[in-house]
Amino acid sequence: MVGVGMDDYSALAYRIAGGVADVRGCLILSRDGLVLGSYPDDETAVKPAWMRFASLGDPERSCLEFGDQVWVYVRRPAYGAFAVADAGVRPGLVID
């Protein structure tokens, strides 16, 4: 992660959120759960969902339907990605 700026992580979050219709937002996270980048830029839209999800454990890859939302999390060696989408979204599309 050396040399990678916050703008690069936010651009990645934007690409994830823009890649599937009805994704409300995305966070790119360090291995210990700190926000590295977000879409929208105001991470407060997604961070409360991330805090609730993170309290459930430490998954490598997971999805959860919660109310009118689908929460999707994927961890890679250098970072993790957490996305919040509308309930009708297929989690596998977001994970890919």
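Asp 86 touches Asp 22, Arg 24, Asp 68, Gln 69 and Val 70, leaving out residues up to four places away in sequence. This is a predicted model, and Asp 86 sits in its strand E5. One of those contacts can be placed along the chain. Val 70 is 16 residues from Asp 86 in sequence, yet their C-alpha atoms are separated by 5.9 Å. Asp 86 counts as partly exposed because its relative accessibility is 25%.

Strand E5 spans residues 80-86 and helps to line the largest pocket. That pocket holds about 270 Å³ of space. Its lining numbers 17 residues, and the closest to the centre are Ile 16, Ala 81, Val 94, Ile 95 and Asp 96. Which elements supply at least two residues each to the lining? They are helix H1 (6-19), strand E4 (69-75), strand E5 and helix H3. By residue class, the lining divides into twelve nonpolar, two polar and three charged residues.

Val 94 deserves a separate look. This valine is found in helix H3, which covers residues 91-95. Is Val 94 buried or exposed? Its relative accessibility is 11%, so Val 94 counts as buried; the cut-off for that class is under 20%. Beyond its neighbours up to four places away in sequence, Val 94 touches Val 20, Val 23, Val 72, Ala 83 and Val 89. Gly 18 lies 76 residues away from Val 94 in sequence, with a C-alpha to C-alpha distance of 10 Å.

Val 94 also leads into the largest nonpolar core. This core has 18 residues, and those touching the most other members are Val 23, Cys 26, Ile 28 and Val 94. H1, strand E1 (23-29), E4, E5 and H3 each supply at least two residues of this core. H1 gives the most, with four residues.

Ile 28 has a long contact list. Not counting residues up to four places away in sequence, Ile 28 touches Tyr 9, Leu 12, Ala 13, Ile 16, Leu 34, Val 35, Leu 36, Gly 37, Tyr 79, Gly 80 and Ala 81. Two of these names, Ile 16 and Ala 81, are also among the residues closest to the centre of the largest pocket.

A further core, of eleven residues, lies apart from the largest one; its members include Val 46, Trp 71, Tyr 73 and Phe 82. Trp 71, Tyr 73 and Phe 82 turn up again among the aromatic residues. Together with Trp 50, Phe 53 and Phe 66, they form one aromatic cluster. How many aromatic pairs are there? The count comes to nine, taking ring centres within 6.5 Å as a pair.

Back to helix H1, and to a polar residue there. Ser 10 has its place in this helix. Ser 10 is buried because its relative accessible area is 16%. With neighbours within four places in sequence set aside, Ser 10 is in contact with Gly 37, Ser 38 and Asp 41. Gly 37 is also one of the residues that Ile 28 touches.

The last stop is a loop. Gly 57 lies between helix H2 (47-54) and strand E3 (61-66). A relative accessible area of 40% is why Gly 57 counts as partly exposed. Gly 57 and Gly 33 are 24 residues apart in sequence, and their C-alpha atoms are 12 Å apart in space.

Notes: Residues numbered from 1 in each chain as written. Predicted model: local features only at pLDDT ≥ 70, side-chain atom pairs only at ≥ 80, totals over all residues. Heavy atoms only, no water. Buried < 20%, exposed > 50% of the residue type's maximum accessible area, 1.4 Å probe, protein only. Contact = heavy atoms within 4.5 Å. Phe/Tyr/Trp six-rings, centres within 6.5 Å; stacked < 30°, edge-to-face > 60°. 1 Å grid on protein atoms, 1.4 Å probe; cavity = no way out; pocket = protein on both sides within 12 Å on 5 of 7 lines; lining within 4 Å. Points joined across faces, edges and corners; volume = space filled by probe spheres on them. Nonpolar A, V, L, I, M, F, W, Y, C, P; charged D, E, K, R; others polar. Core = buried A, V, L, I, M, F, W, Y, C linked by side-chain atoms within 4.5 Å.
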